Amino acid sequence: MLAIGALAVALVVVLAVAERDRRGPPVPDFAPEFSGETLEGDSFAMAAQRGRWVVVNFFSTWCVQCVVEHPELVAFHDRYRGDPNIRLVSVVFQDEVDDIARFFVERGGGWPVVVTNTGRISIDFGVTAVPETYLVDPLGRVAAKFTGGVTRAGLEAQLVRAGADI
């Protein structure tokens with residue numbers, strides 16, 4: 001009887017851990033404040049983005065889905081580059097600066113790419129795998145989280161759903 005009880009407890013623990021891992025960490029209500037140096041050597045501060053919609057994309061050059069989504073991010077950036085109310089920023093996830101620089105030269109993209117403090121930023125957002133993308137509203141609240149690749153159309157649809165005037 002004791003062995004059956006121990007087996008039942010072990011099964012409950014395994015199922016609870018498996019369920020927690022599948023859901024991942026909770027999405028923060030507000031985007032963590034972060035800052036760092038960009039690939040171009042400039043500074044990026046999330047606090048300076050208040051008043052605009054910000055798409056925060058976590059990626060790596062070694063991530064297949066990140067490579068697949070990149071043209072969609074380029075299309076999104078090209079469409080909203082001149083809109084002062086929408087900003088795209090990428091945050092490197094476990095990658096090398098030289099690889100990131102080569103990636104952007106080869107595949108395009110002209111938005112800020114944060115290359116310092118990225119481990120802390122990833123932890124603060126609860127990123128466990130890439131790509132992960134967060135839509136942050138003008139007040140700093142996380143309006144949406146995308147796991148896996150994003151598309152320009154998907155980002156635009158979520159912006160509209162969240163109340164952006166695009």
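**Exercise 1. Find what Asp42 touches beyond its sequence neighbours, and place the residue in the fold.**

Solution. Step 1: in this predicted model, with neighbours within four places in sequence left aside, Asp42 is in contact with Gly36 and Glu37.

Step 2: locate Asp42. The residue lies in the loop between strand 1 (35–37) and strand 2 (43–45).

Step 3: classify Asp42. Its relative accessibility is 48%, so Asp42 counts as partly exposed, since that class lies between the buried limit of 20% and the exposed limit of 50%.

Step 4: look for a residue distant in sequence. Pro112 is 70 residues from Asp42 along the chain, and the C-alpha atoms of the two are 8.4 Å apart in space.

**Exercise 2. Outline the protein chain: how many helices and strands are there, and in what order do the elements run?**

Solution. Step 1: count the elements. The chain has five helices and seven strands.

Step 2: read them from the N terminus. The order is α-β-β-β-α-β-α-β-α-β-β-α.

Step 3: turn to burial and surface. Of the 166 residues in the chain, 40% are buried. The chain exposes about 9000 Å², and 57% of this area is supplied by carbon and sulfur atoms.

Step 4: consider contacts along the chain. Among contacts with a separation of 6 or more, 70% join residues 24 or more positions apart.

**Exercise 3. Describe the largest nonpolar core and the surroundings of Phe125.**

Solution. Step 1: start from a general tendency. In soluble globular proteins, nonpolar side chains tend to be buried together.

Step 2: give the number of residues. The largest nonpolar core here has 43 residues. Strand 3 (residues 53–59) contributes the largest share, six residues.

Step 3: name the residues with the most contacts inside this core. They are Phe34, Met46, Val56, Phe58, Phe59, Val113 and Phe125.

Step 4: follow one of them. Leaving aside neighbours within four places in sequence, Phe125 is in contact with Pro28, Ala31, Pro32, Phe34, Val56, Phe58 and Tyr134.

**Exercise 4. Characterise the largest cavity: what is its volume, and which residues line it?**

Solution. Step 1: recall how empty space is found. Rolling a probe the size of a water molecule over the atoms shows where empty space is left.

Step 2: count and size. The structure holds one cavity of 30 Å³ or more, and the largest cavity has a volume of about 40 Å³.

Step 3: list the lining. It consists of Asn57, Phe59, Cys66, Glu69, His70, Leu73, Ser90, Phe103, Phe104 and Trp111.

Step 4: assign the lining to elements. Strand 3, helix 2 (64–80) and helix 3 (97–107) each supply at least two residues. Helix 2 gives the largest share, four residues.

Step 5: sort the lining by character. Six residues are nonpolar, three are polar and one is charged.

**Exercise 5. Decide whether Ser60 and Asp95 are buried or exposed, and list their contacts.**

Solution. Step 1: take Ser60, in the loop between strand 3 and helix 2. Its relative accessibility is 0%, so Ser60 counts as buried.

Step 2: list its partners. Not counting residues up to four places away in sequence, Ser60 touches Cys66, Phe93, Gln94, Asp95 and Val130.

Step 3: take Asp95, in the loop between strand 4 (86–92) and helix 3. Asp95 is buried because its relative accessible area is 17%, under the limit of 20%.

Step 4: list the partners of Asp95. Beyond four places in sequence, they are Ser60, Thr61, Trp62 and Ile100. Of these, Trp62 is 33 residues away in sequence, with a C-alpha to C-alpha distance of 7.8 Å.

**Exercise 6. Examine the backbone at Gln94, Asn117 and the bond from Val130 to Pro131.**

Solution. Step 1: state the usual case. Most residues other than glycine have a negative phi, and most peptide bonds are trans.

Step 2: check Gln94, in the loop between strand 4 and helix 3. Its phi is positive, about 50 degrees, although Gln94 is not a glycine. With a relative accessible area of 60%, Gln94 is exposed.

Step 3: check Asn117, in the loop between strand 5 (113–114) and helix 4. Its phi is also positive, near 65 degrees. At 47% relative accessibility, Asn117 counts as partly exposed.

Step 4: check the peptide bond. From Val130 to Pro131 the bond is cis, with omega near 0 degrees. Pro131 is in the loop between helix 4 (118–125) and strand 6 (132–136).

Key: Residues are numbered from 1 along each chain as its sequence is written. This is a predicted model: local features need pLDDT of at least 70, side-chain atom pairs count only at pLDDT 80 or more; totals for chains, interfaces and linings use all residues. Side-chain values use heavy atoms; hydrogens and water are left out. A nonpolar core is a set of buried Ala, Val, Leu, Ile, Met, Phe, Trp, Tyr and Cys residues joined through side-chain atoms within 4.5 Å. Buried means under 20% relative accessible area, exposed over 50%, partly exposed in between (1.4 Å probe, protein chains only). Contact means heavy atoms within 4.5 Å. On a 1 Å grid over the protein atoms alone, a cavity is a set of points where a 1.4 Å probe fits but cannot get out, and a pocket is an open set with protein on both sides within 12 Å along at least five of seven lines; lining residues have an atom within 4 Å of a point. Grid points are joined across faces, edges and corners, and a volume is the space filled by probe spheres set on the points. Ala, Val, Leu, Ile, Met, Phe, Trp, Tyr, Cys and Pro count as nonpolar, Asp, Glu, Lys and Arg as charged, and the others, Gly among them, as polar. Accessible areas come from the Shrake-Rupley method with a 1.4 Å probe; for residues, only the protein chains shown count as cover.
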